[in-house]
Amino acid sequence: MKRRAGIRRAQSALACPIQYNLHSTTGRQAITTHTVSSSASDGEAARLPFHTLPENIVCIDADYVQPQLACFYLVGDSGEYALVETGTNHSLDNLRRTLNHLHINDSQIRYIVPTHVHLDHAGGAGRYLQEFPRAELLVHPRGARHLINPGKLVASSIQVYGQETFTALYGDIIPAPAERTRVLEDGATFTIGERTLQAVHTRGHAEHHFCLWDEQSRGWFSGDMFGISYPGLRFAEGDFVLPATTPTQFDPEAYIASVRTLAARNPAMMYLTHFSALPFRPEQVDMLCDQLQHYAALGPALAGGAQGETGRDSGRYLQLLQEAVLERAQHHLEQLTSPEKAQAAAQALTMDAQLNAQGIAFRQAQSDSHHRETPA
Ligand SMILES: [Zn+2]
């Protein structure tokens with residue numbers, strides 16, 4: 001997911017204690033929260049910015065915009081570690097605190113593996129390579145050149161956010177040295193100690209996206225492909241997931257195919273980037289696919305209401321799309337909780353719905369121009 005402008009990055013984790021309130025329900029694995037006493041003068045306990053998951057996986061808050069919005073993972077075996085996702089340059093503080101607490105040395109970090117090159121997932125890659133001298137960057141073949149030479153990535157992001165917000169969100173993007181960057185083709189594997197992770201290319205959100213399969217925990221590090229499920233969207237009746245589209249490469253059919261590919265391995269766990277571990281349920285697949293099918297139909301259906309003005313710059317069209325995205329989200333939320341709570345939860349998704357509307361509008365504009373170019 002690429003986040004939007006206009007939101008101030010959260011203050012450092014020290015100034016803004018991070019609270020984890022991921023609740024436990026039947027069948028859900030317990031998530032350990034670590035607490036240390038604070039040396040801060042207010043005497044409040046400062047919470048560490050990570051929580052441990054079963055099977056030697058640690059989920060670290062990326063401190064992106066606000067707590068519990070984006071995370072990255074430390075996966076270990078036999079004293080070796082991979083970082084799955086990096087967060088941004090600003091996430092390094094939380095990573096440092098985590099490594100200190102867990103007594104992990106810099107030389108034990110062997111791989112840095114962003115699921116795709118959007119900056120909330122890979123923005124820290126170049127800097128992390130400087131910090132961790134033995135680490136190698138593993139990336140999708142279509143993403144590697146953007147991390148080695150991030151000029152285009154940075155320019156397009158500045159175009160969206162403006163220089164000031166870009167710097168606040170991401171800092172200076174440092175190029176990754178080509179000699180320390182390796183691409184992972186579809187199906188390629190790498191090992192941490194005795195543990196094997198496999199990259200599976202997954203289109204639909206971005207052309208440069210893969211998910212990582214972890215056989216040991218039977219889990220997917222799903223990046224943006226299994227959608228968004230913030231802690232406030234988890235209910236005793238089930239967890240809500242919202243698809244994450246992008247303004248430039250959204251492809252609903254490919255996205256649905258990718259979700260089905262993930263589900264076909266019969267996973268136990270989804271390690272979402274937005275946010276943390278989600279115990280897998282087949283209903284989540286239905287929920288994602290229903291919304292994606294809905295998105296595919298919305299593009300042409302709402303074009304009439306916007307007087308045929310489609311595309312990413314059409315205000316009225318985007319507004320209609322955003323409302324429809326939220327309406328569908330609320331429909332699913334109402335199966336999981338009371339109408340009041342469902343409405344509140346849907347409202348909290350307004351920003352994400354705005355992004356999804358842009359993705360649908362982009363797709364529609366593409367289809368419009370295709371029809372114009374194709375002779376009858
Ligand atoms: Zn993304």
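## Glutamate 85, a buried loop residue

A residue is buried if 20 or more other C-beta atoms lie within 10 Å of its own. In this predicted model, glutamate 85 has 28 C-beta neighbours inside 10 Å, so it counts as buried. You will find glutamate 85 in the loop between β5 and α1 (92-102). Its backbone deserves a look too: glutamate 85 is not a glycine, yet it has a positive phi of about 75 degrees. Most residues other than glycine have a negative phi.

## The chain as a whole

Let's step back for a moment. The chain is built with eleven helices and 16 strands. Of its 376 residues, 48% count as buried. Contacts can also be sorted by separation along the sequence: among those with a separation of 6 or more, 68% are between residues 24 or more positions apart.

## Strands β4, β5 and β6

Just before glutamate 85's loop comes strand β5 (residues 80-84), where four of the five residues are buried, so the strand is largely enclosed by the rest of the structure. Strand β4 (residues 71-77) is joined to β5 by five bridges, and the two run antiparallel. Aspartate 77 has glutamate 80 in β5 as its bridge partner. The hairpin of β4 and β5 has two residues between the strands, and serine 78 takes a positive phi near 50 degrees there.

Strand β5 also meets strand β6 (residues 109-113), this time through four bridges and in a parallel arrangement. Two pairs help you follow the match: tyrosine 81 stands opposite isoleucine 109, and valine 84 stands opposite valine 113. Five of the five residues of β6 are buried, so β6 is largely enclosed by the rest of the structure.

## A six-stranded open sheet

Now to another part of the fold. Six strands form an open sheet in the order β9-β10-β11-β12-β15-β16, and their pairing is mixed. At the edges are β9 (189-192) and β16 (276-279), each of which pairs on one side only. On average, and ignoring direction, neighbouring strands of this sheet are turned by 25 degrees against each other.

Within the sheet, strand β10 (residues 195-201) and β11 run antiparallel and are joined by five bridges. Leucine 197 has aspartate 214 in β11 as its bridge partner. Another residue to pick out is leucine 212, which is in contact with Val84, Val113, Leu197, Gln198, Ala199, Trp220 and Phe221, leaving aside its neighbours within four places in sequence.

## The nonpolar core and helix α9

Leucine 212 appears again in the largest nonpolar core: of its 102 residues, Tyr73, Leu83, Leu212 and Leu321 touch the most other members. Helix α9 gives the largest share of this core, nine residues. Both domain 1 (32-280) and domain 2 (291-373) give residues to the core, so it lies between them.

Helix α9 (residues 315-333) has 19 residues and, at 1.5 Å a residue, should span 27 Å; its end C-alpha atoms are 27 Å apart, which agrees. Many names in this helix may catch your eye as buried residues, including Tyr317, Leu318, Leu320, Leu321, Gln322, Arg328 and His332.

## Loops worth a closer look

Glutamine 216 sits in the loop between β11 (210-214) and β12 (219-223). It has 16 C-beta neighbours inside 10 Å and so counts as partly exposed. Not counting residues up to four places away in sequence, glutamine 216 touches Glu55 and Arg195. Its C-alpha is 8.0 Å from that of threonine 196, a residue 20 positions apart from glutamine 216 in sequence.

Two more loops flank β15. Asparagine 266 lies in the loop between α7 (252-264) and β15. Is this residue buried or exposed? Asparagine 266 is exposed, with 8 other C-beta atoms within 10 Å. Its phi is near 55 degrees, a positive value in a residue other than glycine. Phenylalanine 275 lies in the loop between β15 (269-272) and β16. The peptide bond leading from histidine 274 to phenylalanine 275 is cis, with omega near 15 degrees. For context, most peptide bonds are trans.

Terms used:
Residues numbered from 1 in each chain as written. Predicted model: local features only at pLDDT ≥ 70, side-chain atom pairs only at ≥ 80, totals over all residues. Expected span 1.5 Å × (residues − 1). Buried ≥ 20, exposed ≤ 12 C-beta atoms within 10 Å, placed from the backbone. Contact = placed C-beta atoms within 7 Å. Pairing = 2+ DSSP bridges. Axes fitted to C-alpha atoms, helices over the stretch in contact; angles between N-to-C directions. Core = buried A, V, L, I, M, F, W, Y, C linked by C-beta atoms within 7 Å. Domains from an automatic or database assignment.
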